[in-house]
Amino acid sequence: MAYSHLLVPTDGSERSLRAVREAVGLAAALGARITVLTVEQQPRMPVPGMGERLDAATLATLASAARQESERVVNEAMAIAAAAGVGATAERISGERPHRAIVAAADRLACDLIVMASHGRRGFQRMLLGSQTQRVLVQAGVPVLVIR
């Protein structure tokens, strides 16, 4: 099957950047284009364990830091694509549930393959943090290539 539009979610981690590099290589070989996606997780109002709410200035600072980090992540991935001569666009989405944002973006952008990293969490850590990759695998309507 020939793929023409790859969605590449990234969080900026080394594993995620490896998935970006793999996706760029695949896109170059197929003559496909990519969309780099990052999901900015918004800080929640109540912080468990603090017993109080964060003030507006603190929330604004946290949101600004999330925007700056997602910009850095997208710029790094776009530079990898540009260096390989692969056509790429970027999407930055705000949301609390990255897996839902990834699946929705794949549908909305008519991507025919999702290429993403697995962080390899196991046991208790996976139970606490969950697996965005596993959730995407279960919910996506298109094939998912998982890079380990």
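## Group meeting: a five-stranded sheet and its helices

H99 lies in helix α3. Keep that residue in mind, because at 6% relative accessibility H99 counts as buried. One caution before going on: this is a predicted model.

So what does H99 touch? Leaving out residues up to four places away in sequence, H99 touches Q132, R135, V136 and Q139. H99 and S131 are 32 residues apart in sequence, and their C-alpha atoms are 8.8 Å apart in space.

Let me step back to the whole chain. The secondary structure comes to five helices and five strands. Along the sequence the pattern reads β-α-β-α-β-α-β-α-α-β. The chain has 148 residues, and buried residues make up 38% of them. Now take the contacts with a separation of 6 or more. Residues 24 or more positions apart account for 75% of those.

Next, the sheet. In what order do the five strands sit? The order is β3-β2-β1-β4-β5, in an open sheet with parallel pairing. The edge strands are β3, residues 88-94, and β5, residues 144-147. Each of these two pairs on one side only. From one strand to the next, the twist averages 20°.

Look at β1, residues 5-9. Two bridges join β1 to β4, residues 113-117, and the two strands run parallel. L7 has I114 as its bridge partner in β4. Towards β2, the pairing is again in the parallel sense, over five bridges. There, the bridge partner of L6 in β2 is I34.

How many residues of β1 are buried? Five of the five are, so β1 is largely enclosed by the rest of the structure. In a regular strand, side chains alternate between the two faces of the sheet. Here is how that plays out in β1. H5, L7 and P9 are buried on one side. L6 and V8 are buried on the other. Both faces of the strand are covered.

Move over to β2, residues 33-40. T35 is found in this strand. Is T35 buried or exposed? T35 counts as buried, because its relative accessibility is 1% and the cut-off for buried is under 20%. Setting aside neighbours within four places in sequence, T35 is in contact with H5, L6, L7 and V8. The other contacts of T35 are T89, E91 and L109.

Back to α3, residues 98-108. Helix α3 lies across β1, β2, β3 and β4. It runs at about 150° to β2. Which residues of α3 are buried? They are P98, H99, A101, I102, V103, A105 and A106. The general rule helps here: an α-helix has 3.6 residues a turn, so residues three or four places apart point the same way. The buried residues of α3 pack against β1, β2, β3, β4 and α5. After the helix comes A110, with a positive phi near 55°.

Now two helix pairs. Packed helices are described by the angle between their axes and the distance between the axes.

Pair one is α3 with α5, residues 132-139. The packing angle is about 40°, and the axes are 9 Å apart. That makes α3 oblique to α5. The crossing of α3 past α5 is right-handed. Who makes the contact? From α3, it is P98, H99, R100, I102 and V103. From α5, it is Q132, R135, V136 and Q139. By class, that contact has four nonpolar, three polar and two charged residues. H99 is in this set, and its partners listed earlier were Q132, R135, V136 and Q139.

Pair two is α1, residues 14-30, with α2, residues 56-84. These pack at about 25°, with axes 10 Å apart. The two helices are therefore roughly parallel to each other. Their crossing is right-handed. In α1, the residues in contact are L17, V20, R21 and V24. In α2, they meet E76, A77, I80, A81 and A84. What is the make-up by class? The contact of α1 with α2 has seven nonpolar, no polar and two charged residues.

To close, three things to find on the screen. Find β1, with five of its five residues buried. Find T35 in β2. And find H99 in α3, where it touches Q132, R135, V136 and Q139.

Definitions and conventions. Residues are numbered from 1 along each chain as its sequence is written. This is a predicted model: local features need pLDDT of at least 70, side-chain atom pairs count only at pLDDT 80 or more; totals for chains, interfaces and linings use all residues. Side-chain values use heavy atoms; hydrogens and water are left out. Axes are lines fitted to C-alpha atoms, for helices over the stretch in contact, and angles run from 0 to 180 degrees between N-to-C directions. Helices (H or I, at least four residues) and strands (E, at least two) are DSSP runs, numbered from the N terminus. Angles under 35 degrees count as roughly parallel, over 145 as roughly antiparallel, 65 to 115 as roughly perpendicular and the rest as oblique. A crossing is left-handed if the near helix is turned anticlockwise from the far one by less than a right angle, and right-handed if clockwise. Contact means heavy atoms within 4.5 Å. Ala, Val, Leu, Ile, Met, Phe, Trp, Tyr, Cys and Pro count as nonpolar, Asp, Glu, Lys and Arg as charged, and the others, Gly among them, as polar. Buried means under 20% relative accessible area, exposed over 50%, partly exposed in between (1.4 Å probe, protein chains only). Two strands pair if DSSP finds at least two bridges between them.
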